[in-house]
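Colleague: I am new to this structure and would like a close look at a single part of it, the sheet and what packs around it. Please take me through it slowly.

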Amino acid sequence: MREIIFDTETTGLDSRDDRVIELGGVELVNRFPTGRTFHHYINPQGRAIHEEAQAVHGISAADLAGKPTFAEIAEEWLTFTDGAKLVAHNATFDIGFLNVEFGRLGHPVVDPGRVVDTLALARRKHPMGPNSLDALCRRYGIDNTKRTKHGALLDSELLAEVYIELIGGKQAALILDSATAPAQGENVRHIEIIVAERPRPLLPRLSEAERAAHAAMVATLGEKALWLKANSSEKSVAASS
């Protein structure tokens, strides 16, 4: 199973008017990172960056001068994500922006069936919240000290770790192979183990001197000693057999 954990940064909050200015993603295969990543800063083609947005991600218009346009990186992104699930935190926001950007280029919108929203997963698992990416990193002990500003690639890397925790991926990796483990509800054949008796008893390991020393020690215990009662019971069992 192939999944792309991704994030966007934008000039503002209105997908109909604002533009994507950073796009990053990391690849997971069977819930493990492969090391393959995607990352581009994107020229918004004259669209101004809102002050509130810049305060969040720290990207200025000067930072984007000379960067490729969305049209120039679109095919690379489509190739990178081809056939994979798309996983994002508050995915409605990121997918909304991507759909508008691809719509400008004549590409179809992203199939909703490919999208996994980790914010929705977190709200179901932790209904009392908080469920921001920073809060989930703290909850799961994930080091996010480098996240002084939002960044598409860094946030994707952190979200990949959070996602694995949310779906119990670390525990799932320890499950026995399905070919060897019985399915839930499957009848399990019980095997009776029979231990055969020895053909002859083992030779005693105590010497006569050790036996005499033991008998002398027992004699000092008194008539009510538990040892004497246990020893008497053992002799009775041996005599009856």
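How many helices and how many strands are there in the chain, and what is the order of the strands in the sheet?

Modeller: Please keep in mind from the start that this is a predicted model. The chain holds nine helices and five strands, and, read from the N terminus, its elements follow one another as β-β-β-α-α-β-α-β-α-α-α-α-α-α. Of its 241 residues, 34% count as buried, and among the contacts between residues at least 6 apart in sequence, 67% join residues that are at least 24 apart.

The sheet is an open one of five strands, arranged in the order E3-E2-E1-E4-E5 with mixed pairing. Its edges are formed by strand E3, residues 32–41, and strand E5, residues 115–117, each of which pairs on one side only. From one strand to the next, the twist averages 25°. As a general point, the strands of a sheet pair through backbone hydrogen bonds, in either a parallel or an antiparallel manner.

Let us now follow the sheet from strand E1 (residues 2–10), which runs parallel to strand E4 (residues 85–88) and is joined to it by three bridges. Within this pairing, Ile4 has Leu86 of E4 as its bridge partner, while the bridge partner of Ile5 in E4 is Val87. On the way to the edge, E4 is in turn joined to E5 by three bridges, and these two strands also run parallel; here Ala88 stands opposite Asp117 of E5.

Strand E1 also contains Thr10, a residue that deserves a pause. Its relative accessibility is 5%, and because buried means under 20%, Thr10 counts as buried. Leaving aside residues up to four places away in sequence, Thr10 touches Arg19, Val20, Ile21, Ala53, His57, Phe93 and Phe97. One of these contacts, Ala53, lies 43 residues from Thr10 along the chain, yet the C-alpha atoms of the two are separated by 7.2 Å.

Turning to the helices that meet the sheet, helix H6 (residues 152–166) lies across E1, E2, E3, E4 and E5, and it runs at about 35° to E2. Helix H2 packs on the sheet as well, where it touches E1, strand E2 (20–29), E3 and E4, and the direction of H2 makes about 170° with that of E3.

Besides its place on the sheet, H2 (residues 70–81) packs with helix H3 (residues 91–104) at an angle of about 110°, the two axes being 10 Å apart. Since angles of 65 to 115 degrees count as roughly perpendicular, H2 and H3 are therefore described as roughly perpendicular to each other. The crossing in which H2 passes H3 is left-handed. On the H2 side the contact is made by Phe70, Ala74, Trp77 and Leu78, and on the H3 side by Leu98, Glu101 and Phe102. Sorted by class, this contact of H2 with H3 comprises six nonpolar residues, no polar residues and one charged residue.

Note on methods:
Residues numbered from 1 in each chain as written. Predicted model: local features only at pLDDT ≥ 70, side-chain atom pairs only at ≥ 80, totals over all residues. Heavy atoms only, no water. Axes fitted to C-alpha atoms, helices over the stretch in contact; angles between N-to-C directions. Helix = DSSP H or I, 4+ residues; strand = E, 2+ residues; numbered from the N terminus. Parallel < 35°, antiparallel > 145°, perpendicular 65-115°, else oblique. Left-handed = near helix turned anticlockwise from the far one by under 90°. Contact = heavy atoms within 4.5 Å. Nonpolar A, V, L, I, M, F, W, Y, C, P; charged D, E, K, R; others polar. Pairing = 2+ DSSP bridges. Buried < 20%, exposed > 50% of the residue type's maximum accessible area, 1.4 Å probe, protein only.
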